[in-house]
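Could you walk me through this fold, strand by strand and helix by helix? I'd like an informal tour that I can follow with the structure open beside me.

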Amino acid sequence: MPLSDRRLLATAVGLGLLATGCTLVPTDSTHTADPVVLGFINGGTTLFHTCLQTAVTKTTSNNLAKLRTADSNGSKSAELRNVRDMIAHKVDAIVLLSVDASALDADIAAAQKAKIPITLIAVTPSDDSKILGAVISDLPGIGKLDAQWVDDDAAGKPVKAGVISGDGSTSSNLMVDGFTKNLAANVQVVGDERGMFDRATAKAAAAKMIQAHPDLRYAFVANEDMAFGVRQAFDAAGARGVKIVTVNGTDQGLAALKDGKFAATVSNSVQDLGALAVTHTLALLRGEEKDKIEHIDARLVTKANADTAPLYCDTDD
């Protein structure tokens, strides 16, 4: 499916969300209330974060709501300051992508004290009674899908696999655990290096790993941008046969599947995640939705089905 067709499909899906009740678009022509104001707190500035903000911004506008944004830049203390700033500006609800799950207790407590509903993206607390809702990807399930591909490809033969993880955050750790804990016994994990969600850092980590384990057969890399750096390091070391499994489903990642740079990826659409975070929050505020937790689908993508993968990020204006 051409990229333009996949983008049209994503638009149709987004419009479908608006038609299911997950919307704040007034249904009464006499509706005169002020628009809802959402406060969106992002966690960083990677491609994931910028795509998420694009989806949140567009979906908020499509639902005739207003948006106030802030970026915590990976800092837990900045995140709490942003929560307090949203409270001070009296937003109707906070939509939060936390930099780390350990920051959530303070964030949620501040919002609860101010009686501001809060919706979380990507993670949920152990006690969800204090939040309005959450929209999450199945992060352990993402790692598990890649593990299953490795298991199938190895076909019971003893092989070695390495891991290039992210930055040690909860989200990264959940994906890695999903991968390592679901590998068959014949697959030995011989290295786990942090790539810090940075291509150059991941490349250096992969160079170190392949030097220590020249018989490496597979590598799980926690996002596709890092995976490009990992591929460069392996190829430079003469290890073109190492098969990389990764995460995201970006246009560049899908192209890499087609030309053999990657063996598999797991589609984890930020477009869907951001759009659903908004529509779910608005539906909960209106009392149109009872289930607090919503999930976006993840699916294994290989060269064979790359053309039908969901759109990762809507870059159109």
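Here is a tour that starts with the overall make-up and then moves through the strands, the helices and the disulfide.

First, keep in mind that this is a predicted model. The protein has ten helices and twelve strands. Of its 317 residues, 49% count as buried. If you like to think in contact maps, take the contacts with a separation of 6 or more: residues 24 or more positions apart account for 73% of them.

Let's begin with β3, which covers residues 93-96. Both of its faces are covered, with Ala93 and Val95 on one side, Ile94 and Leu96 on the other, and all four buried. One partner of β3 is β1 (residues 37-42), and the two pair in the parallel sense over four bridges. To find the register there, look at Ile41, whose bridge partner in β3 is Leu96.

β3 is also joined to β4, again parallel, by three bridges. Here Leu96 turns up once more, standing opposite Leu120 of β4, while Val95 has Thr119 as its bridge partner in β4. How does the chain get from β3 to β4? It crosses through helix α4 (residues 104-113), and this β-α-β crossover is right-handed.

β4 itself runs over residues 118-121, and its side chains alternate: Ile118 and Leu120 point one way, Thr119 and Ile121 the other. Are these residues buried or exposed? They are all buried, Thr119 included. Moving on along the pairing, β4 is joined to β5 (residues 133-137) by three bridges, and these two strands run parallel as well. Leu120 is handy for orientation here too, as its bridge partner in β5 is Ala134.

Now for another sheet. Six strands form an open sheet in the order β7-β6-β8-β9-β10-β12, and the pairing is mixed. Which strands sit at the edges? They are β7 (187-194) and β12, each of which pairs on one side only. From one strand to the next, the twist averages 20°. At the β7 end, β6 (residues 159-165) and β7 pair in the parallel sense over seven bridges. Within that pairing, Ala161 stands opposite Val189 of β7.

Helices lie across this sheet. α6 lies across β6, β7, β8 (218-221) and β9 (243-248), and it runs at about 170° to β6. Helix α8 (residues 224-236) lies across β6, β8, β9 and β10 (264-267), running at about 165° to β9.

α6 has a helical partner too. Two packed helices are described by the angle between their axes and the distance between the axes. For α5 (residues 139-154) and α6 (residues 170-180), the angle is about 35° and the axes are 6 Å apart. The crossing in which α5 passes α6 is right-handed. On the α5 side, the contact is made by Leu139, Pro140, Ile142, Gly143, Lys144, Asp146, Ala147 and Val150. On the α6 side, the contributors are Ser171, Leu174, Met175, Gly178 and Phe179.

That leaves the disulfide, and the count comes to one. It is formed by Cys51 and Cys313, with their sulfur atoms 2.1 Å apart; the cut-off for calling a disulfide is 2.5 Å. Which hand does this disulfide have? The torsion about its S-S bond is about -100°, so the disulfide is left-handed.

What does the Cys51 and Cys313 pair tie together? Cys51 lies in helix α2 (residues 47-62) and Cys313 in the segment after β12 (299-301), so the pair ties together parts that are 262 residues apart in sequence. Burial counts as under 20% relative accessible area, so Cys51 at 3% is buried, and Cys313 at 11% counts as buried.

One more residue belongs to this part of the picture. Gln271 has its place in helix α10 (residues 270-285), and at 13% relative accessibility it counts as buried. Leaving aside its neighbours within four places in sequence, Gln271 is in contact with Cys313 itself, along with Ala55, Leu311, Tyr312 and Asp314. So if you select Cys313 in your viewer, you can pick up both its disulfide partner Cys51 and its contact with Gln271.

Terms used. Residues are numbered from 1 along each chain as its sequence is written. This is a predicted model: local features need pLDDT of at least 70, side-chain atom pairs count only at pLDDT 80 or more; totals for chains, interfaces and linings use all residues. Side-chain values use heavy atoms; hydrogens and water are left out. Buried means under 20% relative accessible area, exposed over 50%, partly exposed in between (1.4 Å probe, protein chains only). Two strands pair if DSSP finds at least two bridges between them. A crossover is right-handed if, with the strands pointing away from the viewer, the path from the first strand over the helix to the second runs clockwise. Axes are lines fitted to C-alpha atoms, for helices over the stretch in contact, and angles run from 0 to 180 degrees between N-to-C directions. A crossing is left-handed if the near helix is turned anticlockwise from the far one by less than a right angle, and right-handed if clockwise. Contact means heavy atoms within 4.5 Å.
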